[in-house]
Structure formats: structure tokens, C-alpha cells
Amino acid sequence: MLRIIDRYLLRELAQSFAAVTVILLLITVGSTVADLLNRIARGRAPADLLFALIGLRTVDGLTVLLPLAIFLGVLMAYGRLWRDSEMAVLAASGLDVRGLIRPLLWLAGPAMLALGLVSFWLAPASVRLADRLLDDANRSMIVAGLEPGKFVSLPGSDGVIYVGAMSDDGQHFERLFVTTERGDEEDGSRRIDVITAPSGHMYRDADGEGRYLALMDGFRVEGRIGVDDFRLMRFQRNDVKLPSGDASEGGGERAKRSAPTAELWRSDDLVQRAELHWRLASPMSALVLTLLALPLARSNPREPRYARLLIAVLCYFIYANAIVLGRAWMTSGKLAPAVGFWWIYLAVVAIAALLLWRGQQLRRPRGARSAA
């Protein structure tokens with residue numbers, strides 16, 4: 001059974017954790033919406049998948065968001081108790097460090113279980129589903145910003161494309177018109193290409209990145225602007241490349257990172273072994289950062305309100321960068337997968353224990369120091 005003081009501290013921790021989680025969720029969702037709207041405007045994602053992609057990306061972001069929320073929640077809750085001198089009253093009543101750690105474990109324990117579920121199963125599944133939705137949508141010309149009966153500028157080039165009619169799935173079209181302009185490197189003049197085709201379809205190349213329009217039984221006119229030097233050609237098939245999607249990460253490596261956890265356990269690939277430790281880092285970070293937040297929350301009533309918070313945020317960034325660096329070392333083979341991130345966890349726990357021990361030591365009076 002929880003003691004009265006345990007319930008009080010746990011309630012303070014839970015309220016701070018919930019408040020920080022809501023704020024971080026709003027920030028995460030806002031940045032996700034901005035990124036997706038940018039991709040939709042550039043023809044990289046369909047508008048009808050906006051809310052689905054927001055939800056899937058948010059689930060994936062919980063692996064980073066929740067450990068940070070626990071860390072900041074403990075800092076704010078226990079920091080307030082120190083500033084309001086409630087900790088001094090509790091210490092005078094016989095509450096020691098173990099009494100402060102007990103509510104933390106009641107908070108960190110369920111959070112670790114939830115993060116383990118999200119990190120090992122829900123987050124990879126959401127990434128795979130989002131990639132599959134985008135992959136299916138990228139097979140449609142609608143994603144490229146093409147609409148039947150409307151002239152559309154081609155991104156990244158001086159060109160215009162027009163489609164007279166389009167199938168419901170966005171993969172077949174009729175009455176297409178494309179005009180592009182480009183500079184001639186030899187004489188510096190401008191060249192123009194005009195392509196028309198009665199029908200065609202869209203397809204993707206073998207690597208899944210490039211998108212092409214296959215034009216059937218059409219005509220092409222090309223030449224220099226202002227010069228009577230044009231050629232008319234008739235083709236049975238002509239392929240026109242559409243602007244490709246963002247290549248932030250290779251498709252093969254991304255597929256390795258989003259593989260199911262059971263596949264990661266059986267794999268000897270360095271990328272997947274590093275990904276396994278990356279997923280384990282989320283629940284472990286909830287515990288490690290909670291223990292580190294306890295001594296960092298200690299402050300004097302006359303200290304600035306957010307002085308310790310700034311120091312704690314700096315510690316978090318160092319910890320997070322160490323995790324990212326360890327992942328890069330494992331991926332490149334510089335760090336053995338058996339070592340993982342345990343050296344980081346042990347170092348942080350040792351620092352937290354040292355800070356707690358120093359916080360429990362009584363300071364000697366100044367007169368005693370000078371006499372000594």
C-alpha cells in the first residue's frame with residue numbers, strides 16, 4: 001500500500017508529467033503538420049493522408065517524447081517542492097532519499113512498460129504503415145500535383161503539364177500536353193520541347209524512387225526559340241520523369257530500421273543490431289533520466305526559478321547526443337553491438353548516485369573550515 005506521502009509525491013509527479021507531455025505533443029504535432037503540408041504542397045504526399053500520417057508520425061515520436069517528458073516532469077515537480085521548502089519539511093519529518101525514489105519508481109515503472117510496447121512494436125509498425133501508404137500514393141499522378149483539366153507547373157524546371165482526363169486511381173491518363181524550356185550549353189540559346197500524347201500511364205522504376213509518365217503514340221516538337229530550326233518527331237512511347245520524392249534516407253536502410261523486432265533479434269546486420277539497441281534505449285532512458293532528475297531538481301529557495309532546469313536540459317542534450325553517437329558507431333562497426341548503450345546508462349547512473357551522495361553530506365560551517 002502506498003503511504004500518504006507517496007500518494008502526494010506521486011500525484012505531483014503525475015501532474016507535472018501530464019502537463020509536459022501535452023506541451024511536447026503539441027510541439028511535435030505542430031512540426032509534423034508543417035512538414036506534411038510542405039510535402040503536400042510540393043507533390044510529395046497526398047492531402048487525404050494528412051491526418052493518418054500525423055497520427056502515425058506522432059506514435060513514432062513517442063519514443064523520444066515520453067522519456068523527455070518524464071525527465072522534465074520530475075524536475076518541475078521536485079524542483080517546486082525544493083523552492084517552496086516542502087522538501088525541508090519532509091526531510092525534517094524523516095523522509096530520506098529512498099522515500100523520494102519510491103514514487104519515482106511508481107511513475108517510471110509503468111512508463112517503461114508503455115515505452116517498451118511503443119518502441120518495440122507500435123512505432124516500427126506505424127513507420128511501416130506510413131511508408132506503405134506513401135508508396136501506394138506515389139503510384140498516383142495526383143500526388144505529383146496533376147489534376148485533370150488544369151495546367152500545372154513542373155517543380156524544378158521551366159515547364160507546364162496538362163492532363164485532359166485521369167482515371168480514379170490516378171495511374172492512367174488521356175490527352176496529355178507537356179512543354180519545357182531549357183538553356184543550350186553550346187550557344188546559350190533557349191530550347192523548347194512540346195510533347196503531346198493521347199494516352200499513357202504512370203509507373204515507378206526498379207528502386208522505387210523515380211516516377212515516370214509513359215506517353216503512348218504521341219508527337220514531340222523541339223527547337224530553339226526565335227530560330228527556324230524545329231523538328232517534329234512521332235513516337236510510339238516516350239517516358240517523362242516527374243519530380244522525385246525526398247531522399248532523406250535510403251529506402252533499403254529505412255526498411256532495415258523499420259523491420260519487426262523479431263527480425264532484428266535474428267539479424268546479424270550492423271544497422272539492425274544498432275536499431276535493436278535504439279529501441280531498447282527508449283524504456284531505459286525513462287529509468288535513467290528519472291534517476292538523474294532527482295539530484296538535478298535540488299535547489300535553494302533563493303535560486304532563480306529555471307536555473308537548474310537549464311542545466312538539466314543541457315545534460316539531456318549531452319545524453320541524447322551520446323545515444324545518437326553510439327548508434328552511429330555501432331552502424332559503422334566502431335562499437336561492438338554487445339556493448340550497446342550500456343556504457344552510457346552506467347555513466348549516467350553513476351553521476352546521479354554521486355550527486356545524490358554529495359547532496360546528503362552536511363556542509364561544514366565556515367568557522368570550522370578556517371579553524372581546520
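## Helix α2, an enclosed helix

In this predicted model, helix α2 is largely enclosed by the rest of the structure, because 24 of its 34 residues are buried. The helix covers residues 50-83 and bends by about 50° at Leu-62. Just after α2 comes Ser-85, which takes a positive phi of about 65°.

## The nonpolar cores

Where do the buried nonpolar side chains gather? The largest nonpolar core has 54 residues, and the members that touch the most others are Phe-71, Val-74, Leu-75, Tyr-78, Tyr-319 and Tyr-345. Seven helices are worth tracing here: α1 (4-41), α2, α3 (86-92), α4 (97-137), α7, α8 and α9 (342-360) are the elements that give two or more residues to this core. Helix α2 gives the most, with 14 residues.

Phe-71 is a good place to zoom in. Leaving aside neighbours within four places in sequence, Phe-71 is in contact with Leu-289, Leu-292, Ala-293, Leu-296, Ala-312 and Tyr-316. A second core, separate from the largest one, has 15 residues, including Ile-161, Ala-197, Met-202 and Leu-213.

## Gln-272, a buried polar residue

Gln-272 is found in helix α7, which runs over residues 270-296. Is its side of the helix buried or exposed? At 6% relative accessibility, Gln-272 counts as buried, since the cut-off for buried is under 20%. Not counting residues up to four places away in sequence, Gln-272 touches Lys-256, Ala-259, Glu-263, Leu-264 and Ser-267.

## A nonpolar patch on the surface

Now for the outside of the protein. Leu-325, Trp-329, Val-339 and Trp-343 make a nonpolar surface patch of about 330 Å². One of these residues, Trp-329, is found in helix α8 (residues 307-332). Trp-329 has 32% relative accessibility, so it counts as partly exposed; that class lies between the 20% and 50% cut-offs.

## The chain as a whole

Stepping back, the chain has 10 helices and 6 strands. Of its 372 residues, 40% are buried. Looking at contacts between residues at least 6 apart in sequence, 61% join residues at least 24 apart.

The accessible surface of the chain comes to about 20700 Å², and carbon and sulfur atoms account for 61% of that area.

Methods:
Residues are numbered from 1 along each chain as its sequence is written. This is a predicted model: local features need pLDDT of at least 70, side-chain atom pairs count only at pLDDT 80 or more; totals for chains, interfaces and linings use all residues. Side-chain values use heavy atoms; hydrogens and water are left out. Helices (H or I, at least four residues) and strands (E, at least two) are DSSP runs, numbered from the N terminus. Buried means under 20% relative accessible area, exposed over 50%, partly exposed in between (1.4 Å probe, protein chains only). Contact means heavy atoms within 4.5 Å. Accessible areas come from the Shrake-Rupley method with a 1.4 Å probe; for residues, only the protein chains shown count as cover. The bend at a residue is the angle between axes fitted to the seven residues ending there and the seven starting there. Patches are made of residues with over 30% relative accessible area and no salt bridge: like charges are joined within 9 Å, nonpolar side chains (Val, Leu, Ile, Met, Phe, Trp, Tyr) within 5 Å. A salt bridge is a side-chain nitrogen of Lys or Arg within 4 Å of a carboxyl oxygen of Asp or Glu. A nonpolar core is a set of buried Ala, Val, Leu, Ile, Met, Phe, Trp, Tyr and Cys residues joined through side-chain atoms within 4.5 Å.
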